[in-house]
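Me: Please take a close look at one part of this predicted model, the empty space inside it and the helices packed around that space. I would like a connected account that I can follow with the structure open beside me.

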Amino acid sequence: MSTPSPAASGTPPTVRDALRSPTLLRTEVLAGLVVALALIPEAISFSIIAGVDPQVGLFASFTMAVAISFLGGRPAMISAATGAIALVIAPVMREYGYDYLIATVLLGGVMQVLLAVFGVAKLMRFIPRSVMVGFVNALAILIFEAQIDHMIDVPWAVYVMIAVGIAVIVGFPRINRIVPAPLVAIVALTAFTLVAAINVPNVGDEGDLPDSLPAWFVPDVPFSLDTLQIIAPFALAMALVGILESLLTAKLVDDITDTSSDKTREAWGQGAANVITGFFGGMGGCAMIGQTMINVKVSGARTRISTFLAGVFLLVLVVGVGDVVALIPMAALVAVMVMVAVGTFDWHSIRPSTLRRMPKSETTVMLSTVVVTVLTHNLAIGVGVGVLVAMTLFARRVAHLTETHRETSTEAGGPETVTYRVTGELFFASSNDLYTQFDYAGDPEQVVIDLSGAHVWDASTVASLDAITTKYERRGTTVTIVGLDEASAERHGRLSGRLPSH
């Protein structure tokens, strides 16, 4: 009796499964090769952004990919030198030089490990789905936007080659699904340019490729408080941006593969990989959404083997056969990345039928994330703004759910009493309006505030209740607060009368 394959049984394949299965192993190997080819121009471009030699970005991509394949918590995800990290650390290189840049990368890696230890990965649950959709859509736009530079002021043949490359990527899987279509497009277009002797921009035009292996490097900077003051702000920004992008990418891969991953391990794995990268003179990095989509969604890779081989192939290609790699036309890689952008974008999210059904607040959050990310070219800022917009809209929505009902009663022979029944969640957004819901001048001498249908969440609410009580007392009215649940009573008892009035 044969044992069902992991794919057939619905469980994700492991490294051992892939090594035992020629089919799975072939998928992992070819996926790693395609990713390595796509990494080369990206790493060179990001090196230029950071103001360093191309080999600094290429070596960073090699060490990040290899290290994260062992240390990361999300199998098949690709980490390498990225534009977001390049933008963060570029000022360090420009103002202080290469040694300070590497020191920043090392400190940023250490900070990522510490953030992981203190549970920063758990904060992922506070990122709404609408922000994730905006993140994905913005990323697709940025991936496509990055290709536009390769389509301006180029020979007309480039446009034809891009179109042919896209056609191959779309059509080849209908003929054969064993060999990744992007690899076929790259090989075919490279062969065509060589045979036809067409002069079009190629990988070699992006920058010089290294001709030696990366070596151990220790930055020559003073080990002092002054150095720490220089690099710490940039290192912290790098750590936060890197973790955020990596965890969002990991969550995206989780959704695509219907599997879960260890986000805490991914967070400290990114930090450890950056430390390793820094000691080999690399510029640091984080998860790469474009190359990850090539690996997982386009090529079908599922294990750490593809990530490891992407790094190994990258080193072999740029050091061993750099002269050949330099001949690959940029049009072929542009075609691959354009299709990655198309496949990454959540087209369902912008369909008229979806927009009609979706609450306006959700659409607003998604659009704000997209717009800010595209304008700033910074995914961390875009996601941060999206989360803030989502929190603000949520607070407004919940605040409107709070209601106050006034009831009058008179016991036989007793004084008239007014009871205010408050329902809903009382926090800063809703309790600020609570003060205006009472008829201070028209109420009798006995007022009861019934909070059995409400919950007191913060000091703002306690301060509002104190203000209400104080205003009634000035008019000679006695206020009794009843119905507090245990947590609300504890919070009210601890803070009431101890908060400054404004």
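Reply: In this predicted model, the largest cavity is lined by H150, V158, P201, M330, A331 and V334. Its volume is about 30 Å³, and with 30 Å³ as the lower limit the count comes to one cavity. Helix α15 gives the most to this lining, with three residues. Sorted by class, the lining of the largest cavity holds five nonpolar residues and one polar residue, with no charged residues.

Two of the lining residues, A331 and V334, also take part in the packing of α15 against α8, as does V158 from the α8 side. Helix α8 covers residues 156–171 and helix α15 covers residues 330–344, and their axes come within 8 Å and cross at roughly 50 degrees. The two helices are therefore oblique to each other, and α8 passes α15 in a right-handed crossing. On the α8 side the contact is made by V158, M161, I162, G165, I166, I169 and V170, which meet A331, V334, A335, V336, V338 and M339 of α15. The residues of this contact divide into 12 nonpolar and one polar, with no charged residue among them.

From the cavity one can turn to the largest pocket, since α15 is also one of the helices that supply at least two residues of the pocket lining. The largest pocket has a volume of about 770 Å³. It is lined by 29 residues, of which E42, F46, G83, L142 and A146 are the closest to its centre. Besides α15, the helices that each supply at least two lining residues are α3 (22–50), α5 (83–96), α7 (129–148) and α12 (289–298), and α7 gives the most, with six residues. By class, the lining of the largest pocket has 16 nonpolar, eight polar and five charged residues, whereas the lining of the largest cavity has no charged residues.

Two of the helices that contribute to the pocket, α3 and α12, also pack against each other, at an angle of about 165 degrees and with their axes 9 Å apart. That angle makes α3 roughly antiparallel to α12, and the crossing of the pair is right-handed. In this contact A31, G32, V34, V35, A38, L39 and E42 of α3 meet Q291, I294 and N295 of α12. These residues divide into six nonpolar, three polar and one charged. E42 therefore links the two descriptions, because E42 is among the residues closest to the centre of the largest pocket and is also part of the contact of α3 with α12.

Helix α3 has a further partner in α4, which spans residues 54–71; the axes of the two helices come within 7 Å and cross at roughly 130 degrees. This makes α3 oblique to α4, and α3 passes α4 in a right-handed crossing. Here I40, A43, I44 and S47 of α3 meet P54, V56, G57, L58 and S61 of α4, and by class the contact has six nonpolar, three polar and no charged residues.

Note on methods
Residues numbered from 1 in each chain as written. Predicted model: local features only at pLDDT ≥ 70, side-chain atom pairs only at ≥ 80, totals over all residues. Heavy atoms only, no water. Axes fitted to C-alpha atoms, helices over the stretch in contact; angles between N-to-C directions. Helix = DSSP H or I, 4+ residues; strand = E, 2+ residues; numbered from the N terminus. Parallel < 35°, antiparallel > 145°, perpendicular 65-115°, else oblique. Left-handed = near helix turned anticlockwise from the far one by under 90°. Contact = heavy atoms within 4.5 Å. Nonpolar A, V, L, I, M, F, W, Y, C, P; charged D, E, K, R; others polar. 1 Å grid on protein atoms, 1.4 Å probe; cavity = no way out; pocket = protein on both sides within 12 Å on 5 of 7 lines; lining within 4 Å. Points joined across faces, edges and corners; volume = space filled by probe spheres on them.
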